[in-house]
Structures are given as C-alpha cells and as structure tokens.
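Work through the exercises below with the structure open. Try each task before reading its solution.

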Amino acid sequence: MLVDIGNALIQVATPTMLLLCIAGVIGGMAVGATPGLSATVGLALLLPITFAMEPTTGLVLMGAFYMGAIYGGSFTAILVNTPGTPSSIATTFDGYPMTQQGRSEAAIVASTVGSVVGGVIGVIGLIVLAPLLAQVVLAFGPQEYFWMGVFGLTMIAGIAPSLIKGIAAGFLGLLISTIGISPVGGEVRFTFGITDMQGGVPLIVALIGLFTIPTIVDLVIAPESRSMEVEADGDRRKRGGEVRRTVRDILSRPVNLLRSSAIGTFVGILPGAGGSIANLIAYNEAKRTSKRRANFGKGEIDGVVAPEAANNAVVGGGMVPLLTLGIPGAPPDAVIYGVLLLHGLRPGPELFDEQGVLTFTFILAVGLSALLMAPIGLVAGRGLQRAVVRTPTYYLAPTIALLTAVGSYAVRNSPLDVVIMVLLGLAGYGLRKVGLPPAAIVLGVVLGPIIETGFAQGLLAATGDAHPWMSFFTRPLSLGIIVLVVLGLAWPLVTARKEKRQAEKELVS
Amino acid sequence: MILAGCAQQSDTGGAAAEDYPNKSIQYIIPFDPGGESDITARLQQGPLKDAFGESVAVSNRPGGGGAVGWSQLATEAKPDGYTLMGANLPHIVLQPLARDDAGYETEEIKWAYIFESTPNAFVVAKDSPYDTIEEFVAAAKKEKLTVGGSSSFSANHMGTLALNKEAGIDLTYVPFSGTSAATPALLGGQVDALMSYNTEALDLLDHGGKVLAVASDERLAELPDAPTFKEAGYDVTIGAWRGVAVPPDTPDEIVEKVADAFAKVNKDPEVRSKMEKLGFHIEDMGPEESAEFTADQQAEAKDLLERFDLLKK
C-alpha cells in the first residue's frame with residue numbers, strides 16, 4: 001500500500017494532474033455557486049467528457065470538480081443568503097449576517113479556511129481509516145437512521161428563538177417533505193391531483209424559496225440598510241490585512257475546525273446522509289460548545305467555519321463506502337461510481353490491492369484539490385464578493401430574482417418548481433414575520449425522509465420479532481444515539497439555567 | 001388516386017418523416033442524473049449523434065419514480081420525433097396499476113426500442129445459514145424472513161411477490177431508496193436476503209455474498225454458478241428493462257427511424273463494451289416486439305398485484 005501511495009504521489013505531482021485539479025476546482029466552484037445546479041448535476045454534465053479520458057484523469061477531474069462545487073456553494077450562501085448547494089444551508093446562518101455587517105470578505109476567507117481544512121481531513125480519514133470505517137456503515141441500520149434524524153430535529157432548539165415556534169416550523173417542514181410518492185410503500189400523497197407533484201418538493205427548491213425570496217424582499221423594501229453594509233465593507237477594505245487577520249483568528253480555535261471536519265467525515269461515511277445534514281450538525285455542535293454562543297446567528301465567524309469544514313470533509317468521508325463497498329456515500333458519489341464501473345473498476349478490497357496506484361492517485365488528487373481551493377478561492381471568491389458588494393441594489397435584487405427562477409427551474413427542468421419556489425418564498429417571508437424561522441422549516445424538509453424511511457424500514461425489517469417497534473430501543477447503537485437525543489434536548493435547558501444563575505450571581509454581587 | 005393518396009399522407013407527417021431529423025433531438029431521462037438510466041443515455045449520446053446526423057441533447061426530468069416525465073410524454077410532448085424519453089419496465093406497467101392517478105396509461109407509452117435489461121438476482125450474505133434457494137424457502141415456511149430490494153412497485157418488489165406466490169411463502173419485502181442503498185442492509189444483517197439485480201449481485205460476490213438464484217430463463221454468463229429460479233421449480237423470471245419511447249401520436253415512419261438509430265448504437269462496439277462493464281444485458285427489441293412484451297408483462301403484473309391486493313382501488 002505504501003509503495004502504491006508513493007507511486008501515486010509521483011503521478012499527482014505532474015503538471016497535467018495539477019492542471020486537471022485546477023480546472024476541476026474552478027468548474028466546480030462555478031457550478032456550486034449557481035443556485036439550482038448542485039454538485040451532482042454538474043458531475044453528470046461532466047460525465048460524457050470523461051468517457052474519452054483515461055480512467056485516472058477522468059476520476060481526478062471529477063474528484064476536483066466535486067470538491068470545488070461543495071466549496072462554491074458557500075459564496076452565494078454568504079453573499080446573497082442563498083445556499084448554492086444543500087451542503088451550505090447553515091453557512092447562511094452567520095455568513096449572511098456577516099455580509100450585512102460589511103464583513104463579507106472575512107466570511108469568504110472563513111469559508112475558504114474551513115473548506116480547505118475540512119477537505120484535507122476528510123481525505124486523510126479516507127486513506128487512514130477506510131477499511132475500519134466501512135464497518136461503521138454496516139452497523140447503521142434503519143433504526144439508527146431514524147434516531148439520527150430525530151437527533152437532527154433537536155437542533156431546532158438551537159436555531160429558533162422560541163422553542164414552540166421552532167417546533168411549529170420544523171413540523172411544517174416535515175409535512176412538506178411528505179408530499180409526493182412515499183419512500184416506503186409507494187403511496188401518492190398530497191399531490192392534489194397534479195401529476196407533477198408526484199415528485200414532491202425538492203430540497204433545493206425549498207431552499208431557494210425560503211431563503212432567497214425573503215432576502216430579495218428585504219433588499220427591495222429597505223435598500224438603505226444595504227448602503228450601510230457597503231460603507232462598512234469599504235472601511236474595512238481601506239484598513240487592509242483582512243485575510244491575514246481572519247486566518248489567524250480562525251486558526252487560534254483549531255478545535256472548532258477539527259470537530260467540524262470529524263463530523264463531516266463521519267456523516268459522509270453514512271450513505272443517505274451527506275453534506276446537507278453534516279453542515280447542520282457541525283453548525284449546531286459549534287454553537288453548543290462555543291463560548292461565544294450568544295453571537296451565533298448574528299455574524300459569528302465560527303458559524304461559517306463549522307458548516308464549511310464539515311461539508312468538504314463529507315467528500316472524503318463519502319468515498320469510504322464508495323471505494324470499499326461500492327455504496328455511494330452521498331448523491332455525487334453515485335456519478336463517480338458510474339465512472340468507476342464504466343472503466344471496469346469494481347469498488348472493493350481489490351480496488352486498493354490491484355489498482356492501488358490509480359486509487360491512491362485519485363484520492364491524493366482530491367486532497368490536492370482541497371489545498372488548491374485556498375489560492376483559487378481567495379482570488380475568485382473575493383473577486384465575486386467585491387463584485388456583489390459593488391453592484392447597486394437596484395441591479396442586485398433583480399439579478400438574484402432571475403437566478404432564483406432559473407435555478408429552481410434547472411433542478412428538474414420543471415416550471416412547476418418555479419411556482420412552488422415563489423409560493424414557499426412568500427410563505428416563508430410571512431412566517432418569518434410571525435417568528436417561524438425558515439431554517440427550522442428547511443431542517444424538517446431535510447430530515448423528514450430520513451426519519452420516515454428509517455421508521456418504516458425498521459418496522460418492516462423487524463417483522464419477525466414479537467414487537468417490531470421494540471427494535472428501536474434494543475439495538476446498542478440506537479441506544480447510543482438515543483442518549484445523544486436526550487442530551488440534545490437537555491442541553492438548552494441546562495445552559496439556560498446556568499446563564500440565569502450567572503445573571504443572578506452578578507446581580508447579587 | 002395514388003397521387004392524391006400520397007399528397008394526403010405528406011400532410012399528416014409523411015414529409016416530416018422523410019427529412020427527419022433535421023434539427024437537434026431532445027433525449028429526456030425521467031430520473032436523476034448519475035443513475036443507471038442517466039449513465040446509459042450519456043453513453044449513447046455521442047453514437048446517437050452519428051446515427052441521426054443531428055445533435056442529441058440529454059436532460060433530466062425526474063420525479064415520482066419516472067411518472068412525472070412519462071405523463072409529460074403521454075400528454076404534452078409534440079409527436080414529431082424530436083422529443084425522446086427513456087422508459088423503463090416494469091415501472092410503466094406498475095405505476096398505472098398501483099397509483100390512483102399516475103398521470104399516464106401504460107398504452108400511452110409508445111416504444112421505439114428496448115436496448116438493455118438487468119435480471120433480478122436473489123442474494124444472501126456470506127454468513128447466512130442458507131446455501132440454496134430451497135433451504136431459504138424451507139426456512140421461510142417456518143419463520144418470518146425479510147427481503148430487501150430497490151423501492152416499492154419495482155422489479156425487485158415484483159420478484160419477491162412472485163417468489164411468495166410460487167413457493168407459497170410470506171416474505172416481508174423491505175424497500176430501500178435504490179439498488180446500492182439496500183446493500184448495507186444485507187451486509188449489516190438488517191435483512192435476511194436481497195432481491196436485487198445482477199449488477200449488484202456481482203458487487204455482493206466480492207463481499208462474500210451468495211447468489212442463491214437468478215430470475216432469468218437461463219443462467220447468466222456473469223454468474224454461471226447461480227441457478228435460475230426455474231431450476232428450483234419456481235417460475236420467477238422478472239427483471240428491469242430500459243428503452244426509449246416517443247409521444248403516443250408519433251408517426252410510425254419516425255418511430256422506425258428512431259428504432260434504427262438505437263439499433264445502430266447498440267451495435268457500436270464501444271457502447272457494447274461499456275454497457276457490459278456496467279453489468280447490463282444488451283437487448284434488441286423494436287417497436288412492435290417491445291409493445292407485445294409490455295402487454296405480456298402487464299398481464300402478469302396485474303395477476304400478481306391482484307393476488308396480493310395491491311391494485312389501486
């Protein structure tokens with residue numbers, strides 16, 4: 001294996017490979033930064049180009065593209081409150097407030113540092129732990145996925161100012177996720193007789209609607225708040241040294257980077273979870289353990305670093321089940337799986353033994369691409385940032401509006417999706433006014449299918465037992481996650497009490 | 001009279017058929033990018049361009065397990081041969097039978113060509129106590145056993161039902177979101193067996209899986225040691241077939257041209273070798289043969305769904 005890694009290093013260090021990685025990262029960033037075009041869609045478009053290539057070059061290009069796309073999704077999340085891909089949902093929570101404070105350059109730098117470190121750690125996890133981690137995949141059954149989804153729901157407490165309203169918003173999201181053909185059983189639900197509704201509401205369409213439309217409305221009705229933002233940005237730029245200052249600030253808290261990357265790698269390994277969940281969990285954990293908890297949601301830089309480190313770590317993590325078991329860890333991995341098969345490469349132990357050089361060249365190139373995002377991102381990402389900040393609001397708002405329409409159409413080439421996006425957007429704006437946070441709605445849309453599928457499959461798989469539902473409470477791994485759920489529920493209460501006591505103490509003294 | 005007849009025919013599309021195609025053709029896949037149907041289409045794209053002499057654009061219109069795309073094909077798309085759509089069996093048979101309103105009827109999907117198939121294969125894990133399909137069936141008569149597969153109302157689901165019927169057993173079918181999504185459930189011991197496809201069975205062999213039976217008429221070249229269900233006395237021959245369809249009113253002359261183009265692509269050695277690497281069996285069924293085959297499948301599926309009370313009410 002070490003000999004193979006050595007040979008792979010020599011292969012990766014050639015100009016051709018370097019150029020491929022750069023091209024892949026740039027292309028991926030462009031697609032990722034376009035709302036509606038996800039990493040998966042971009043990779044599928046790339047597929048015919050790789051047919052004519054050698055297996056190694058084709059795979060390297062795709063790996064670099066995937067890495068770049070996940071990173072690129074953060075740009076629009078930060079600059080216009082629109083996650084470019086579902087992997088950057090949580091990046092909007094603090095990234096956009098930073099933009100509103102004129103700190104978008106720092107946010108872009110934070111996303112870059114997070115993405116690079118996360119991407120590299122994910123790849124290291126893949127190389128070092130692949131065979132070991134593959135066993136984790138198999139230990140996770142439907143019951144565990146169910147509980148993991150429930151654990152995800154406990155995040156509502158963290159992102160909603162009022163628990164009751166947060167729960168209401170989360171359940172609304174769960175309800176939206178039930179539209180269409182049921183994942184287990186195939187029943188048609190809530191389509192109101194419209195055939196196209198059989199496909200349900202895609203996550204990206206919900207994201208664009210719930211996050212972007214309210215942003216556009218805000219821009220239009222209160223343009224003066226934006227001129228303040230532009231002014232603040234100008235002031236900071238005059239001072240200079242933003243990049244160095246931000247990087248040093250982030251690196252002074254390595255725990256956040258490492259924890260978020262580890263979360264991303266682990267969630268990436270679980271097939272069916274992927275970046276859309278990893279970034280939310282990492283954000284929540286960053287918030288929960290941070291000393292600056294109160295600042296989260298108001299432009300906290302660690303709130304940008306955490307989701308971005310996690311989603312790029314998913315890239316390496318997702319390749320663990322792909323390369324060892326032939327199971328795509330995340331949707332984009334399915335396309336890469338297809339490329340492997342087309343070249344007659346069957347994932348499994350022999351991929352590492354017989355095709356070791358090719359496999360490690362691919363893996364190392366993915367790691368190299370993560371590193372390349374630093375120089376490319378600091379130039380391209382900050383260039384985009386400058387362009388957006390300099391664009392006057394009366395151009396910016398209609399441009400974003402056009403992008404939302406094109407983006408939501410592009411997801412499935414469906415005009416109905418544009419209608420759904422606008423309706424959800426207007427509803428989202430109204431609900432935000434009454435205090436139902438759009439983020440909690442999205443959380444429900446993301447987690448609904450995982451919870452429902454896990455629940456139904458768990459019951460079916462345990463039909464042989466006397467009480468099938470007992471299987472949700474008897475599996476050791478399930479019990480472990482149940483403990484996490486309880487902790488997740490108890491944590492906000494504990495911290496609230498602690499803060500109250502602290503306040504009382506201060507009052508007394 | 002003859003002249004008049006000719007003139008009349010050209011009005012109804014004869015002329016259009018003659019110089020078809022003279023512009024870019026849309027080839028729509030009603031599934032997500034990156035899936036097996038999508039990858040096949042992107043493989044065919046280049047050679048199709050050569051066969052048609054016009055460019056071919058592949059796009060995706062996913063939703064409802066294909067139903068969103070097929071309802072568009074059946075009711076909205078222009079029948080001029082410039083809109084082609086991937087179509088799959090048994091999906092186009094099962095959805096109208098099981099769903100209250102699938103948005104289309106099986107008969108509205110007009111086949112041009114069926115080009116590939118993946119037969120069902122029945123697999124158990126390495127440490128499973130069962131070494132033959134007979135042993136598995138015998139055990140299923142004594143206790144509740146579970147079988148995982150890809151989605152509800154799919155070839156895997158029908159295969160499990162057919163085995164239940166033929167062997168007189170009551171296996172519980174657990175649907176997963178796709179072929180490879182079911183694999184960890186078998187390797188991790190969540191289900192007792194998988195009713196999967198030959199493609200996934202090959203992967204499972206690498207992980208020590210045992211292929212107890214394949215659901216084809218004869219043994220498969222890539223799995224020579226696996227007996228057919230028929231050898232064990234169970235008449236289970238079910239798999240998935242992929243092809244290309246056109247809107248229902250498309251003139252036959254154009255359908256023939258589409259069929260010829262796909263037949264030509266199927267002979268392309270490069271396409272063949274890639275399809276085989278993906279584990280697909282190459283099929284060559286023209287418009288009529290495909291329609292007859294679909295009608296047979298429909299009759300069988302109706303019988304099976306009725307028996308298990310799964311027909312729409």
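**Exercise 1. The interface**

Task: State how many residues each chain gives to the contact, then describe the side of chain A.

Solution. The model is a predicted one. Start with the count: 47 residues come from chain A and 47 residues from chain B. Next, find the elements of chain A that give two or more residues to the side touching chain B: α3 (39-51), α6 (104-139), β1 (180-181), α16 (331-342) and α21 (438-461). Then sort that side of chain A by class: 24 residues are nonpolar, 20 are polar and three are charged.

**Exercise 2. One helix, two sides**

Task: Which residues of helix α10 (residues 269-277) of chain B are buried, and which are exposed on the other side?

Solution. First, pick out the buried residues: B:V271, B:K274 and B:M275. Look down the axis of α10(B): these buried residues fall within an arc of 100°, so they line one face of the helix. The general rule helps here: an α-helix has 3.6 residues a turn, so residues three or four places apart point the same way. Now turn to the other side of α10(B), where B:P269 and B:S273 are exposed.

Next, ask what the buried residues of α10(B) pack against. From chain A there is α16. From chain B there are α2 (36-52), β4 (110-124), α9 (252-267) and β10 (281-285). Finally, step just past α10(B): B:G279 has a positive phi of about 90°.

**Exercise 3. A helix pair in chain A**

Task: Describe how helix α10 (residues 203-221) and helix α19 (residues 393-412) of chain A pack.

Solution. Take the geometry first. The angle is about 165°, and the axes are 10 Å apart. The angle is over 145°, so α10(A) is roughly antiparallel to α19(A). The crossing of α10(A) past α19(A) is left-handed.

Now list the contact residues. α10(A) contributes A:I204, A:V205, A:I208, A:T212, A:I213, A:I216, A:L219 and A:V220. α19(A) contributes A:T393, A:L396, A:A397, A:I400, A:A401, A:T404, A:G407, A:S408 and A:V411. By class, the contact of α10(A) with α19(A) has 12 nonpolar, five polar and no charged residues.

**Exercise 4. A second helix pair**

Task: Repeat the analysis for helix α14 (residues 275-289) and helix α15 (residues 302-325) of chain A.

Solution. The axes of α14(A) and α15(A) come within 8 Å and cross at roughly 145°. α14(A) passes α15(A) in a right-handed crossing. On the α14(A) side, the residues are A:G275, A:A278, A:N279, A:A282, A:Y283, A:A286 and A:K287. They meet A:D302, A:G303, A:A306, A:P307, A:A309, A:A310, A:N311 and A:V314 in α15(A). This contact of α14(A) with α15(A) divides into nine nonpolar, four polar and two charged residues.

**Exercise 5. A loop proline**

Task: Is A:P437 buried or exposed?

Solution. Locate A:P437 in the loop between α20 (415-433) and α21 of chain A. Count its surroundings: 24 other C-beta atoms lie within 10 Å. The cut-off for buried is 20 or more, so A:P437 is buried.

Then look beyond neighbours within four places in sequence. A:P437 is in contact with A:I159, A:A160, A:G166, A:A169 and A:R432. A:I167 is 270 residues from A:P437 in sequence, yet their C-alpha atoms are 9.7 Å apart.

**Exercise 6. A covered helix**

Task: How many residues of helix α3 (residues 67-75) of chain B are buried?

Solution. Eight of its nine residues are buried. They are B:A67, B:V68, B:G69, B:W70, B:S71, B:Q72, B:L73 and B:A74. The cover over these buried residues of α3(B) includes β1 (25-29), β3 (83-89), α4 (91-98) and β9 (239-246) of chain B.

Conventions: Residues numbered from 1 in each chain as written. Chains lettered and ligands numbered in written order. Predicted model: local features only at pLDDT ≥ 70, side-chain atom pairs only at ≥ 80, totals over all residues. Contact = placed C-beta atoms within 7 Å. Helix = DSSP H or I, 4+ residues; strand = E, 2+ residues; numbered from the N terminus. Nonpolar A, V, L, I, M, F, W, Y, C, P; charged D, E, K, R; others polar. Buried ≥ 20, exposed ≤ 12 C-beta atoms within 10 Å, placed from the backbone. Arc of directions from axis to C-beta. Axes fitted to C-alpha atoms, helices over the stretch in contact; angles between N-to-C directions. Parallel < 35°, antiparallel > 145°, perpendicular 65-115°, else oblique. Left-handed = near helix turned anticlockwise from the far one by under 90°.
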